[in-house]
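Dear colleague,

Please find the structure below, handed over for your own work. My notes on what was found in it follow directly after.

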Amino acid sequence: MTVPVAATAAKKRILVSNDDGYYAAGLLSLVEALHSLGEVIVVAPEQDRSGASNSLTLDRPLSVKKAPNGFQFVNGTPTDCVHIAVTGMLDPLPDLVVSGINLGANMGDDTLYSGTVAAATEAFLLGIPALAVSLVTRSEGQHHFATAGHYATNLARRLLEQPFPEPVLLNVNVPDLPLDRVEGIAVTRLGKRHKAEPVVPATTPHGRPVFWIGAAGPAQDAGPGTDFYAVKNGRVSVTPLQVDLTHKAQLSALQSWL
Ligand code: MN
């Protein structure tokens, strides 16, 4: 008797995290979308930690609690969440980690500050393929998270069924459009923003001067081939990221300069 392949394949395990917090609408949409692919486990920050970058909490212990819907949350950063889940909680390890769906773009140098990208980066550093998924929107109100969920699920399925031959960290930005208005997928490089809007000075009720960090700057390098260009033209941008910051082209120039 032959057993169908689908019946013998081990159930896939997907860890989901984010930086907007375990209660965020984008996270819920992502979990709903990924359910068709296997077991989905959520370990996400207790609070909105957008802009947390790759920070780890080293000055206090961290707790993991469970919400009524089964989502687990940590009083730490996105990186803490994935680090704890992968090195201390999950056995067997997840086959894939998906971070998002972030409310707002993570394009160009946003990726350096992003907690959404950081959660995926932590998985990648720990040897697990990872996706960071962001919805490119500035508006309040209704958002097309389902569009991002659709593309995230398609990419996740591809990674699970036909693994990329190298370790992979994909940064995915989805235009805030209904699914039928998206113009497909584009493989892109990161564009550039900077410089940022200036800080916004304010005063506390007690008269102390304070500053709000201002908005990210408009895109400076947003030509064809960039993530900015793809999303502006209604496409889903997929950028393969790496972690090594070495400026390899400058190595020999620096060698002779020193
Ligand atoms: Mn965020």
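I101 is found in strand β5. The peptide bond that leads into I101 from G100 is cis, with omega near -10°. Please bear in mind throughout that this is a predicted model.

A cis peptide bond also joins D91 and P92, where omega is about 5°. P92 lies in the loop between α3 (78-89) and β5. One further backbone feature concerns S53, a residue other than glycine whose phi is positive, near 55°. S53 belongs to the loop between β2 and β3 (64-66). As background, most peptide bonds are trans, and most residues other than glycine have a negative phi.

Metal site

Which residues coordinate the manganese ion? The donors are D19 (OD), D20 (OD), S50 (OG) and N102 (OD1), at 2.1 to 2.2 Å. Their spacing in sequence reads D-D-x29-S-x51-N. Distant parts of the chain are linked here, since D19 sits in the loop between β1 and α2 while N102 sits in strand β5, 83 residues apart. D19 is buried, with a relative accessible area of 2%, and N102 also counts as buried, at 7% relative accessibility.

Nonpolar cores

The largest nonpolar core holds 35 residues, of which V16, L34, V98, L131, V133 and V172 touch the most other members. Two or more residues each come from β1 (13-17), α2 (25-34), β2 (39-45), β5 (96-103), β6 (130-136), α6 (145-161), β7 (169-175) and β11 (236-240). The greatest contribution to this core is that of α6, with eight residues. Another core lies apart from it and has 21 residues, including I41, V43, A85 and A119.

V133 may serve as an example of the packing. Leaving aside neighbours within four places in sequence, V133 is in contact with V98, S99, G100, I101, N102, T116, A148, A152, V172 and V174. Among these contacts are G100 and I101, the two residues of the cis peptide bond in question, and N102, a donor to the manganese ion.

Salt bridges

Side chains of opposite charge can pair when their charged atoms come close. A search of the whole structure finds four salt bridges, and three of them are described here.

- E39 pairs with R13, the closest N and O atoms being 2.9 Å apart. Because E39 lies in strand β2 and R13 in strand β1, the pair ties together parts that are 26 residues apart in sequence. E39 is partly exposed, with a relative accessible area of 31%, whereas R13 counts as buried at 14%.
- D221 and R189 meet through their side chains at 2.9 Å, N to O. D221 lies in the loop between β10 (209-212) and α7 (227-232) and R189 in the loop between β8 (185-187) and β9 (200-203), so this pair ties together parts that are 32 residues apart in sequence. D221 counts as partly exposed at 23% relative accessibility, and R189 is partly exposed with a relative accessible area of 40%.
- K248 and D244 form a salt bridge at 3.3 Å, N to O. K248 counts as exposed, at 52% relative accessibility, and D244 as partly exposed, at 40%.

Surface

L112, Y113 and L245 make a nonpolar surface patch of about 380 Å². Of these, Y113 is placed in helix α4 (residues 110-113) and is partly exposed, with a relative accessible area of 47%.

With kind regards

Methods: Residues are numbered from 1 along each chain as its sequence is written. This is a predicted model: local features need pLDDT of at least 70, side-chain atom pairs count only at pLDDT 80 or more; totals for chains, interfaces and linings use all residues. Side-chain values use heavy atoms; hydrogens and water are left out. A nonpolar core is a set of buried Ala, Val, Leu, Ile, Met, Phe, Trp, Tyr and Cys residues joined through side-chain atoms within 4.5 Å. Buried means under 20% relative accessible area, exposed over 50%, partly exposed in between (1.4 Å probe, protein chains only). Helices (H or I, at least four residues) and strands (E, at least two) are DSSP runs, numbered from the N terminus. Contact means heavy atoms within 4.5 Å. Donors are N, O and S atoms within 2.8 Å of the metal (3.2 Å for Na, K and Ca); water is not among the atoms, so sites may look incomplete. Patches are made of residues with over 30% relative accessible area and no salt bridge: like charges are joined within 9 Å, nonpolar side chains (Val, Leu, Ile, Met, Phe, Trp, Tyr) within 5 Å. Accessible areas come from the Shrake-Rupley method with a 1.4 Å probe; for residues, only the protein chains shown count as cover.
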